Amino acid sequence: MSSKQVEFLTKLRDAHQTIADATYQYIQSIASPQIGLTTVQELTFITLKFEAQQGTKLGDYEVAYKQNNLPDKWQSAYSILRVNNATIKDRYHGETYQYSYWLYGEDKIYRQKLKPKTPT
């Protein structure tokens, strides 16, 4: 494959991702709170390869590095977190998720096991 073909396909992929991100953001902006948006299945994130880490403040958590994952799986998960502005203070997770997910730094996705819900 020539470098021109690779460049073309890369630009095409990036353009499609930009369109998908913009569409998702638009849907979020017009959806009424009663309708809401369904959360993405956690399978999107579980398919990534995470490496265990430990920090003094965070305790146990995991990091998925872009270079250690399949590009399409990585980009899909990364885009969801980016569109939802997932940060350590505002983590992304669904009702049935086992982990919360967020972005920090370049080419890394973080996750941490959610604490069990206490019955009310």
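What follows is a conversation about a predicted model and the terms used to describe its structure.

Trainee: What should I know about the numbering and the model before we begin?

Mentor: Residues are numbered from 1 along each chain as its sequence is written, and side-chain values use heavy atoms, with hydrogens and water left out. Because this is a predicted model, local features need pLDDT of at least 70 and side-chain atom pairs count only at pLDDT 80 or more, while totals for chains, interfaces and linings use all residues.

Trainee: Which helices and strands does the protein have, and what makes a run count as one?

Mentor: The protein has three helices and four strands, following the pattern α-α-β-β-α-β-β along the sequence; helices (H or I, at least four residues) and strands (E, at least two) are DSSP runs, numbered from the N terminus.

Trainee: How do you know that β1 and β2 pair?

Mentor: Two strands pair if DSSP finds at least two bridges between them, and β1 and β2 (residues 59–65) are joined in the antiparallel sense over five bridges, so by that definition they pair. For example, A52 has E62 in β2 as its bridge partner.

Trainee: Why are β1 and β3 called edge strands?

Mentor: The four strands form an open, antiparallel sheet in the order β1-β2-β4-β3, and β1 (51–55) and β3 (99–103) each pair on one side only.

Trainee: Why is the pair of F50 and Y101 called tilted, rather than stacked or edge-to-face?

Mentor: Rings of Phe, Tyr and Trp (its six-membered ring) pair if their centres lie within 6.5 Å, and planes under 30 degrees apart count as stacked, over 60 as edge-to-face and the rest as tilted. The centres of F50 and Y101 are 6.3 Å apart and their planes stand at 50°, so the pair is tilted. This pair links distant parts of the chain, with F50 in the loop between α2 (43–46) and β1 and Y101 in strand β3, 51 residues apart.

Trainee: What makes the pair of Y61 and Y110 tilted?

Mentor: Their ring centres are 6.0 Å apart and their planes are at 35°, so this pair is tilted as well. Y61 lies in strand β2 and Y110 in strand β4 (residues 108–113), and both are buried (under 20% relative accessible area with a 1.4 Å probe, counting protein chains only; exposed is over 50%, partly exposed in between).

Trainee: How do you know that R111 sits over the ring of Y99?

Mentor: A charge sits over a ring if NZ of Lys or CZ of Arg is within 6 Å of the ring centre and within 35 degrees of the ring normal; the charged end of R111 meets this, at 3.9 Å from the centre of the Y99 ring.
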